[in-house]
Amino acid sequence: MIDVDSVLKRCVDIVLQSGEIVREHWFQPSNVRHKGSIDLVTQTDLAVENFLKEKLAELVPGACFLAEESSQEDSAPTDTCWIIDPVDGTTNLVHRIPQVGTSVALWHQGRVELGVVNVPMLRRCYWTARGHGAFCNDSRIAVSGVDSLGDALVGTGFPYDIAARLPEVMERLALVLPIAQGVRRIGAASIDLAYVACGKLDIFYEAGLKPWDYAAGMLLVEEAGGRVSNLDGDPLEFGEPLLASNGRLHALAVDLLSPTS
């Protein structure tokens, strides 16, 4: 049995400490390596991941890790597992755009039980545990009250294999752009989800995400009063396109985007 309250507090502290690595590296040249044509990794990604794995291993002994820079598999864990994206928004980091996040979630008995999304360069830490609500720093957060697509600010992202998936990306944009108040591409899905949770965005959708991109953010949205599903409105399975909203807009968003699923 995991004492979620105790683990959450210590997890937040560890993730905040890892943010200091990002802040230190911010003013140093980035040593960039390409995992793909536009998929980057830096010394910051590796340093943050190593730090988190060392500290979190002590926090929940025996838990495994599903982490972006060291995991080959991206299916749902069968055991208690930390799901980690050390630097979500590596391209933003390389270009010194401050929307750079660290996402940490604890998976236990088939679902996410707690999540932390830290944005160190903006000094914003979003955190939650199942049944406890969602918070930014010391303040409780909630999704927006927008109930019209015409008033909705929508976030999205583009997959790394964008060249191969351009038709589906453009198909969705062609549906959303004319009807929404606006569309934003921040470049870090964990932050997009945190922004849905605190009401900055009303809807977020993206295909091609990995579990470490959204595990923590998904729980943030749900605990802030929103909803997360696949594009058909069904429970999200790892590997499926994600749709998150303030809840009030979810059925409308499903109606709009499900034909592209």
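This report describes the nonpolar cores, one strand and its partners, a pocket and two backbone outliers of a predicted model.

In this predicted model, local features need pLDDT of at least 70 and side-chain atom pairs count only at pLDDT 80 or more, whereas totals for chains, interfaces and linings use all residues. Residues are numbered from 1 along each chain as its sequence is written, and side-chain values use heavy atoms, with hydrogens and water left out.

**Cores**

The largest nonpolar core (buried Ala, Val, Leu, Ile, Met, Phe, Trp, Tyr and Cys residues joined through side-chain atoms within 4.5 Å) has 39 residues, and those with the most contacts inside it are Tyr126 and Leu242. Buried here means under 20% relative accessible area, exposed over 50%, and partly exposed in between, with a 1.4 Å probe and protein chains only. Among the elements that each supply at least two residues of this core are β4 (81-88), α5 (189-197) and β14 (242-245); helices (H or I, at least four residues) and strands (E, at least two) are DSSP runs numbered from the N terminus. The most is given by α6, with eight residues. Tyr126 touches, by heavy atoms within 4.5 Å and not counting residues up to four places away in sequence, residues including Val117, Phe135, Ala194 and Leu220.

**Strand β12**

From strand β12 (residues 203-206), Ile203 and Tyr205 point one way and Phe204 and Glu206 the other way, and all are buried. Two strands pair if DSSP finds at least two bridges between them, and the pairings of β12 are set out below.

| Partner of β12 | Sense | Bridges | Opposed residues |
|---|---|---|---|
| β10 (residues 153-156) | parallel | three | Gly155 and Phe204 |
| β14 | antiparallel | four | Ser245 and Ile203 |

**Second largest pocket**

On a 1 Å grid over the protein atoms alone, a pocket is an open set of points where a 1.4 Å probe fits, with protein on both sides within 12 Å along at least five of seven lines, and lining residues have an atom within 4 Å of a point. The second largest pocket has a volume of about 260 Å³, this being the space filled by probe spheres set on the points. Of its 17 lining residues, the closest to its centre are Val12, Leu16, Cys125, Trp127 and Asn137. Helix α1 gives the most to this lining, with nine residues.

**Positive phi**

Asn137, in the loop between β8 and β9 (139-141), has a positive phi near 55° and is partly exposed, with a relative accessible area of 31%. Arg123, in the loop between β6 and β7, has a positive phi of about 55° although it is not a glycine, and Arg123 is exposed at 55% relative accessible area.
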